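User: Hello! I am new to this structure and would like to get to know it step by step. Could you take a few questions?

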Amino acid sequence: MFRPVDKIREAMSTFDQEKLIEVAKGSLKNGFHPLEIINAITVVLREMGEKYEKGEIFIPHLVTAGEAAKYVISELLEPLLKDKAERKTLGRVVIGTVAGDIHDIGKSLVALMLFSAGFEVIDLGKDVPIEEFVNAVKKYSPSIVGMSALITTTRPMQREVIEALKKQNLRHKVMVMVGGAPVSAEWAEEIGADGYAENAIEAVNVAKRLMGG
């Protein structure tokens with residue numbers, strides 16, 4: 001019997017985007033609803049996240065698999081949904097690495113883990129100016145803004161973004177999470193952030209807690 005989750009698990013274990021596309025198309029031809037396939041992909045992503053946590057796979061594997069999954073979901077499957085709201089999410093997250101910081105892998109891993117946990121994630125990338133965070137809040141009305149800083153000299157930008165949100169009367173509309181090597185729970189409290197996560201797995205737990213989950 002054809003089960004999308006089995007085929008998807010097999011395809012994603014090869015970290016090959018083309019194989020995942022083939023499986024998704026095959027699942028559609030076999031009469032599966034796009035949402036069923038999306039749910040199967042997210043199940044496998046969660047499994048891969050658990051393997052990463054156990055040290056069975058590494059960051060490059062997880063990021064590669066995640067990018068393939070995001071492409072298939074956003075480019076192939078979501079356009080087939082009559083209403084994008086069909087895919088229920090835990091909340092919308094805008095995430096980025098702050099201005100002056102070009103480190104991307106840690107932030108991308110957090111974005112991937114949030115996505116696989118059921119959040120809608122808008123990744124602004126790295127070296128994101130204060131204004132871009134503010135504009136993203138205005139444009140996307142996220143539940144959470146996540147900021148990563150990987151070097152000590154860029155850490156103050158997290159405070160600057162929070163202050164900018166206050167000036168624009170947006171701070172009360174969104175929760176703020178911070179993380180990164182020089183960041184701590186004490187720093188998060190000092191700058192008025194709502195949450196701090198030490199790693200990608202914890203980031204998911206914190207995000208769920210902020211959403212009341």
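User: Which strands and helices each supply at least two residues of the lining of the largest pocket?

Analyst: Happy to start there, and please keep in mind that this is a predicted model. The lining of the largest pocket draws on both strands and helices. The elements that each supply at least two residues are strand E1 (92–97), helix H5 (105–117), E3, E4, E5 and H9.

User: Which element gives the most to that lining?

Analyst: The lining has 27 residues, and those nearest the pocket centre are Gly106, Val110, Gly180, Asn199 and Ala200. By class, the lining divides into 19 nonpolar, 6 polar and 2 charged residues. With 5 residues, the element that gives the most is H5.

User: How much space lies in the largest pocket?

Analyst: A general idea helps here: rolling a probe the size of a water molecule over the atoms shows where empty space is left. For the largest pocket, the space comes to about 430 Å³.

User: Which strands stand at the edges of the sheet?

Analyst: The sheet is open and has 5 strands with parallel pairing, in the order E2-E1-E3-E4-E5. From one strand to the next, the twist averages 25°. A strand at the edge has a single partner strand, so one side of it is left without a neighbour in the sheet; this is the case for E2 (120–123) and E5 (195–197).

User: Which residue stands opposite Ser148?

Analyst: Strand E3 covers residues 144–148 and strand E4 covers residues 175–179, and the two pair in the parallel sense over 5 bridges. Opposite Ser148, in E4, stands Gly179.

User: At what angle does helix H9 run to E5?

Analyst: Helix H9 spans residues 200–210 and lies across E3, E4 and E5. Its angle to E5 is about 160°.

User: What is Val121 in contact with, leaving aside its neighbours within four places in sequence?

Analyst: Val121 belongs to strand E2. Its C-alpha is 9.1 Å from that of Pro142, which is 21 residues away in sequence. With those neighbours left aside, the contacts of Val121 are Val93, Ile95, Ala111, Leu114 and Phe115.

User: Are helices H1 and H2 roughly parallel or roughly antiparallel to each other?

Analyst: Helix H1 (residues 4–12) and helix H2 (residues 17–29) pack with their axes 8 Å apart, at an angle of about 170°. Pro4, Lys7, Ile8, Ala11 and Met12 of H1 make the contact with Lys19, Leu20, Val23 and Ser27 of H2, and these residues divide into 6 nonpolar, 1 polar and 2 charged. Angles over 145 degrees count as roughly antiparallel. H1 and H2 are therefore roughly antiparallel.

Notes
Residues numbered from 1 in each chain as written. Predicted model: local features only at pLDDT ≥ 70, side-chain atom pairs only at ≥ 80, totals over all residues. Heavy atoms only, no water. Axes fitted to C-alpha atoms, helices over the stretch in contact; angles between N-to-C directions. Helix = DSSP H or I, 4+ residues; strand = E, 2+ residues; numbered from the N terminus. Parallel < 35°, antiparallel > 145°, perpendicular 65-115°, else oblique. Contact = heavy atoms within 4.5 Å. Nonpolar A, V, L, I, M, F, W, Y, C, P; charged D, E, K, R; others polar. Pairing = 2+ DSSP bridges. 1 Å grid on protein atoms, 1.4 Å probe; cavity = no way out; pocket = protein on both sides within 12 Å on 5 of 7 lines; lining within 4 Å. Points joined across faces, edges and corners; volume = space filled by probe spheres on them.
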